[in-house]
Amino acid sequence: MSTFQIILNVAVMLVLLGVLIWMQKKHISFTKRVFAGLGLGVVFGVALQLIYPSGSDVIAKSVDWFNLVGSGYVRLLQMVVIPLIMVSIISAIMNLKGKQNLGKMSFSIIAILLITTAIAASVSIVTSLSFDLKAIDIQGGEKEIAQGQKMEERLVDVQDQTIPQQVLEFIPSNPFADMTGARRSSTLAVVIFSAFIGVAVLGLDRKKPEQAETFRSMVNAVYAVVMRIVTLVLRLTPYGILALITKVTATTNPDEILKLLKFVIASYVALIVMFIIHLIIISLFGFNPVTYVKKVLPTLVFAFTSRSSAATIPLNVETQTKKLGVSDGIANLSATFGATIGQNGCAGIYPAMLAVMIAPTMNINPMSWDFILTLILVVVISSFGVAGVGGGATFASLIVLSTMNLPVALAGLLISVEPLIDMGRTALNVNDSMTAGLVSSKILKENDQNTYNDRGQDLDTAVQA
């Protein structure tokens, strides 16, 4: 009987995928297809929740098949991340010439990412105190205790490194190993290696212009091929979102959420407040926030469902360049830096909220200015090099809590709602990187205002090319 039910569930998924294929053939816009995939996935996931009991083996095995589409799509995006970063950064730098230099671009983007992280930590502290969140009020079971023990084990690796040693991790000693994602700081290491290549080409222009031009032509050709691969992968976005959100909805345990409802609500209040602050920043630089939201929403939906800032990089770059009018160089730098530096959700809001919750267990007053200012500073510093994949928030929390001399095991009490909150955190991380790119393009005068104001502009122009 269970085999028949699994086959039936898979058949329904195939039918829903067929609906999206039909919408594509009818030339329905990319944005509408993304939201159709989201809506169909939520409805199907809820239906599975109602039909089968919690922890059902049928749901587990059905989701295993759904992962061929959902996780398969994420893997394809991850496949193009490193090639895209490399050729985009090299191409952007070697074609700078008389335009803004790399230093100004990088400084502007990183400064915005870190400033917004400090703001995010502040918002998180205020929200936590307003909701009176305390770790001592949360009761944990075997799963939570086991997670706490794992966090303590991971803490050993973190404590063994000083802050200078952690910064040193960003510098690549073996760029080819970093291209495989061997380390948590691999993405940033690839950016640094690519930047060196781009700068070297600019230096070669003065000494051996013919060789520089030959290399430039090769990179431009590779860039065109990589962007074509990105285009092919991005066409699958609606299907990937359908499968991903179905999995999330079908496997989320409502009872576990209800137990920690106060924490979930507080987390999303902080995330929403920070998102509004992003819009305020954008509007202060002369951009219409309503237009911005309409254009970035499909990208944020994917970030929300995939829970991976790194996997969202290709879609992030395309959104900035094709819909927001950001130059290629700034878009690639902001999308890449934003996946590893100053993540407002994972490295800002989450660690600060945990610290405020755990502080009373150590007889520390979380409302004291010494504690608050120290926490904000630690959060900003520790936000460098946080991996833009699932688990990045946990690593950031380990660094912050250990630096503040707070027990990390208590953070394991939140494992049951971690995926639900991580979706919102990832969306905020990606939104922050796009905000940094858009604002930097305005500051450095590399923004195409006509592209931004073109409300009819859709990613279809990119994915159907």
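Just after helix H13, Gly-286 takes a positive phi of about 90 degrees. Bear in mind that this is a predicted model, so read the angles and distances below as computed from it.

H13 itself covers residues 261-284. At 1.5 Å a residue, its 24 residues should span 34 Å, and the end C-alpha atoms sit 35 Å apart, which agrees. The helix has a buried side that includes Phe-263, Val-264, Ala-266, Ser-267, Ala-270 and Leu-271. Further along, Met-274, Ile-277, His-278, Leu-279, Ile-281 and Ile-282 are buried too. Note Ser-267 and His-278 among those names.

H13 also shows up on the outside. A nonpolar patch on the surface is formed by Ile-272, Ile-276, Ile-280, Leu-284, Phe-285 and Ile-443, and together they have about 570 Å² of accessible area. Which helix gives the most to this patch? That would be H13, with four residues. Ile-272 is one of the patch members, and it lies in H13.

**The chain as a whole**

Stepping back, the chain has 22 helices and zero strands. Buried residues make up 54% of its 465 residues. About 20,100 Å² is exposed, with carbon and sulfur atoms supplying 65% of that area. If you take the contacts between residues at least 6 apart in sequence, 84% of them join residues at least 24 apart.

**Inside the fold**

The largest nonpolar core has 113 residues. Phe-263, Tyr-292, Phe-302, Phe-371 and Leu-375 are the ones with the most contacts inside it. Helix H4 (residues 70-94) contributes the largest share of this core, 14 residues. Apart from it lies another core, of 18 residues, with Leu-48, Ile-59, Val-63 and Tyr-239 among them.

Phe-263 links back to the start of this report: it is on the list of buried residues of H13, and it is also one of the residues with the most contacts in the largest core. For Leu-375, leaving aside residues up to four places away in sequence, the residues touched are Ile-125, Ala-352, Ala-355, Val-356, Val-400 and Met-404.

**The first helix**

Helix H1 runs over residues 2-25. Its 24 residues reach 35 Å from first C-alpha to last, close to the 34 Å expected at 1.5 Å a residue. Buried in H1 are Ile-6, Asn-9, Val-10, Met-13, Leu-16, Leu-17, Leu-20 and Met-23. What covers these buried residues? The cover includes helix H2 (30-51), helix H3 (57-66) and helix H11 (237-251). H1 is followed by His-27, which has a positive phi near 60 degrees.

**Salt bridges**

Side chains of opposite charge can pair when their charged atoms come close. A search of the whole structure finds five salt bridges, and here are three of them.

| Basic residue | Acidic residue | Closest N to O |
|---|---|---|
| Lys-61 | Asp-57 | 3.2 Å |
| Arg-216 | Glu-213 | 3.4 Å |
| Arg-307 | Asp-422 | 2.9 Å |

Take Lys-61 and Asp-57 to begin with. They are four residues apart in helix H3, so about one helical turn separates them. Lys-61 is partly exposed, with a relative accessible area of 43%, and Asp-57 is partly exposed as well, at 47%.

Arg-216 and Glu-213 both lie in helix H10 (residues 209-234), three residues apart, or about one turn of the helix. Is Arg-216 buried or exposed? With a relative accessible area of 3%, Arg-216 is buried; Glu-213 is partly exposed at 41%.

Arg-307 pairs with Asp-422, the closest N and O atoms being 2.9 Å apart. Arg-307 lies in the loop between helix H14 (289-306) and helix H15 (313-322), while Asp-422 lies in helix H20 (residues 418-443), so the pair ties together parts that are 115 residues apart in sequence. Arg-307 is partly exposed, with a relative accessible area of 26%, whereas Asp-422 counts as buried at 3% relative accessibility. Elsewhere, salt bridges that share partners join Asp-205, Glu-213 and Arg-216 into one network.

Notes:
Residues numbered from 1 in each chain as written. Predicted model: local features only at pLDDT ≥ 70, side-chain atom pairs only at ≥ 80, totals over all residues. Heavy atoms only, no water. Core = buried A, V, L, I, M, F, W, Y, C linked by side-chain atoms within 4.5 Å. Buried < 20%, exposed > 50% of the residue type's maximum accessible area, 1.4 Å probe, protein only. Helix = DSSP H or I, 4+ residues; strand = E, 2+ residues; numbered from the N terminus. Contact = heavy atoms within 4.5 Å. Expected span 1.5 Å × (residues − 1). Patch = residues over 30% accessible without salt bridge, like charges linked within 9 Å, V, L, I, M, F, W, Y side chains within 5 Å. Areas by Shrake-Rupley, 256 points an atom, 1.4 Å probe, with all protein chains shown as cover. Salt bridge = Lys/Arg side-chain N within 4 Å of Asp/Glu carboxyl O.
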